[in-house]
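Q: Could you take a close look at one part of this chain for me, the nonpolar patch on the surface, and then put it in the setting of the rest?

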Amino acid sequence: MYTAVRHLGAAPVRIGELMYAASTAHLEIFEKFPMGAHHYYLREDSVLIFLGANEAADAILGVEHQKRVGQSIEKAFPPLIGTEIPDRYREVALTGVPWQTERVEYRDNEIVGAFEVFVFQPAPNHVTALFLEIGERKREEGKRDENARYLGALSEIVQLLVAQPDAAGLQTFLALIGEASRATCAVLAMAAPPRQSRAKTWEMLEWASPTRVAAKAAHDSRLSHICEAWIEEWKQMQSDLGSASHQAEYSDVFAEGPEGFRLLLPIHTSGEFIGFLAMQRSTEAGRWNHALLDFLRVAAQNLSRAILRARAEAALIEREDRYRSILQEMSDMVWLVDENIIVRYVTPSCKRILGYEPEALIGTSGLSLVHPDDAALTTAAFKEVAAESNPHTPTEFRFHHADGSWVTLEAVGTNLLGHPNVRGIVLTTRDVTERKKYERDLLDSEERFRSLIENSLDVVLVLSSEGTIDYVSPSVERIMGYVPAESLGRNLLEFLHPDDLHSALETIERTFRGDGTPQSLICRIRHGDGTWRTIEAMGKQTHDAYGAAKLIVNYRDVTTRIQAEEERAQLEAQLRQAQKLEAVGQLAGGVAHDFNNLLTAIQGYTELAKEDLPADHAVQSSLDEVSNATRRAVGLVRQLLLFSRREEPRFQNVDLNEVVLGVAKMLRRVIGEHIDLRIEPGVDSLAVYADPGQLQQILMNLCVNARDAMPDGGAITIRTSRVGLDAAFCREQTWAREGSFVLLDVVDTGTGISPQDLERIFDPFFTTKAVGHGTGLGLATVYGITQRHDGFVHVDSVLGQGTAFHIYLPWSGVDPDLIEEEKLERALRGNGQVILLAEDEPQVRRLAVRMLEASNYRVIQAHDGVEALAAFDAHAHEIAACILDVIMPGMSGGQVREQIHAKFPRMPILHISGHDFDLLDHSLPSGEETPLLRKPFTSVQLLSSLRELLGG
């Protein structure tokens, strides 16, 4: 690479200045150095001249340094203008004091490039800069710092919400997440608790960063408007549904505008909507990345739990105060009745419990307000008390309340008829209406609990300390296929997979020894049908009524979920492999473009040389060999583009035998010497209308698969023939269709394919190979190419005997055309028309000029898009057509085309390019048909395309 320094005759640097003191010696030291290296020479006028770079510099920076040799540092590397780099380099060149630095480039708050640079003086007035790309390390450091900041903030948030879940704490919470996420402003909007939802009130807290406060903007007014609009939308939805308790479901909302990036994050838990968090980041801070969103979601979850906990604690305190008040105010009613159950006295609590003033009941019958259905029971109980002196079993009955309702009372009577100071029966009564309701609720609750356990999707076990099953829920029959009685009294370990016994024992022992913290376990357990099912279990220690340690285990069948996770992991691995293939494809496309330019020049100049020499000249045979080698190179480039999926098919009439024989040598190298490759070409006309490169790709993929199926060696047979499929055959073989076909058979003696896999072999990413040994794309590609050629594939396979792939391609019925290029070239001569040619590659431009001028065209040359547009403006009325390279510096061919057609819509324009189709799609005008000639091209191809463009 450094040989470029000896070709600076045209540069404003004296050869002697560059070569003195054997200065090139230190340049060669770094030629194979793994770090990038730049070398400069400081002239007397303080201009730094770029001398060269090593191979690593080309790879790291992705530029071709050789073209920049001899230029000043500012001209060679414009991004360094305005930085300290040039002055630092001059200082090192003058003083000899080394200098070291790091340069980090950001985009959207993300590191896109970082370099560690070391600069020293290898010789007087010379400077060498060594640099290493450290972007990945910087990004990892940035991620660690970001995660540490988020974890620190979360720690503070958790402590804050536990200790201070009030308004001040929420304001501090808002400041913590705002500062941690580097937001400019934030709003926390909370809806009223469900019991207050009829009022539909909201509380909003706001926070702004110090920079916004200094700018006298507490928060972005647009953010507040969005929050208010969102609240109104929620209220309207509640009203429309007619249910104040309905909770609308919202997902995260993102917005991007000139002021920055916004986020609306709903806050909810356990099905209850709490409110939402609205935040905004500046464009400098960047978008909301996954780590930041995860932090905010975890913070929001902690916030929702804290708010619900605070509300629950407040409600609990309120209920406790209410019950305390009831207990303080409540006292039993004491009645005094005579032997005829006439009320003689009642305590003042009667007013509070029954709603009657005590005076209103005195003198009335105690039975007058008893529920008719309970009167007989109450009378009998009273008579029993009147007959004896001891208190009797409490009696419950319904009593009429002053408000018209019925209150259940529990009464205990004491016979004091013989007491001289009492002479009556004392009835102590209390209101047990609530208690009766609680008892009914308790019964209902127990019934619900029993129903939940019996119908749960999970299995509930109670284990003794020895592992014996003391209880199992009825759901075990539905989930695991066992009647509960079959499991009772047996040890749980009998049902576990042998490979999981050790981990299960450890978990059970740890749970019994622990402090009551639940322990989890995933293991396999035998189903009633003998299969193994994967379960996820959670165990917690408890004690029975006698203090014996027990283990409550709740487990569920997660076999399907585990299988889905394994399939997802496999798909992710396949996706990564596909991404690697895409990267290789991009590299292949780039290499192919560079070769196209070179091959265009080689092929074109070879044709011109053959024309300039007599037909019997001795050099003609050598030029023929150059042409043949060039054609083979063109085919190699096309294979690269086909591999990268960046080449459109080029259909032509070809002989399938020639395709097979042409690729046979390459196939032998690929499959290895341990496999015998046999070619059996057919004798009939095997003409097909196809892309030869894609037919070669079919053969390559099938032979590679066959090789992998024969690790210990075997044979691959490639056979071609012509067949006709009639209606009778197609009725028996439903995969076929009628017609004349050319048949390509690829048969191996390998391991074969199982019937269940045979149905999926053409699915993308399906492979039976081990991880890392197959992408699952080879046969899918074979199927896709065959379909594109209007053919079909049939596969026969027997396990242990081998596999045969049968590729049916429509027979074209014609032989490949032979074009007499000399006659065609004479017919393609021009009539002196003026052609504007814009091509930035000098060799290709000079070649095209010679081809055009030799065919009676006049050419105006331009080396880039800007020069082409200027030349067109100067000669617009002379130019008959334009030939524009697609990718050029300054202005692309597509942009030049748009400028020209804006003035002269009918101007014929032909594009030329060696780039892949993906790049061309972004470089050419959309919505219009674009004539395109792909590099490398011959003189005949160029003149034919131009003649077709000119309409004749």
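A: Let's start with helix α18, residues 559-612, which gives the most to the nonpolar patch, with three residues. Keep in mind that this is a predicted model. The patch itself sits on the surface and is formed by Phe595, Leu598, Ile602 and Val626. Together these four have about 320 Å² of accessible area.

Ile602 is worth a stop here. Its place is in helix α18, and its relative accessibility is 39%. Partly exposed covers the range from 20% to 50%, so Ile602 counts as partly exposed at that value.

Now zoom out to the chain around the patch. About 50700 Å² is exposed by the chain, and carbon and sulfur atoms supply 53% of that area. Of the 952 residues, 43% are buried. The secondary structure comes to 30 helices and 32 strands. As for how the chain contacts itself, take the pairs at least 6 apart in sequence: 58% of those contacts join residues at least 24 apart.

For another helix to set beside the patch, try α26, residues 842-854. With 13 residues at 1.5 Å a residue, helix α26 should span 18 Å, and its end C-alpha atoms are 18 Å apart, so the two agree. Here the list to look at is of buried residues: Val844, Arg845, Leu847, Ala848, Val849, Met851 and Leu852. Following α26 comes Asn856, with a positive phi near 70 degrees.

How values were computed
Residues numbered from 1 in each chain as written. Predicted model: local features only at pLDDT ≥ 70, side-chain atom pairs only at ≥ 80, totals over all residues. Heavy atoms only, no water. Patch = residues over 30% accessible without salt bridge, like charges linked within 9 Å, V, L, I, M, F, W, Y side chains within 5 Å. Areas by Shrake-Rupley, 256 points an atom, 1.4 Å probe, with all protein chains shown as cover. Salt bridge = Lys/Arg side-chain N within 4 Å of Asp/Glu carboxyl O. Helix = DSSP H or I, 4+ residues; strand = E, 2+ residues; numbered from the N terminus. Buried < 20%, exposed > 50% of the residue type's maximum accessible area, 1.4 Å probe, protein only. Contact = heavy atoms within 4.5 Å. Expected span 1.5 Å × (residues − 1).
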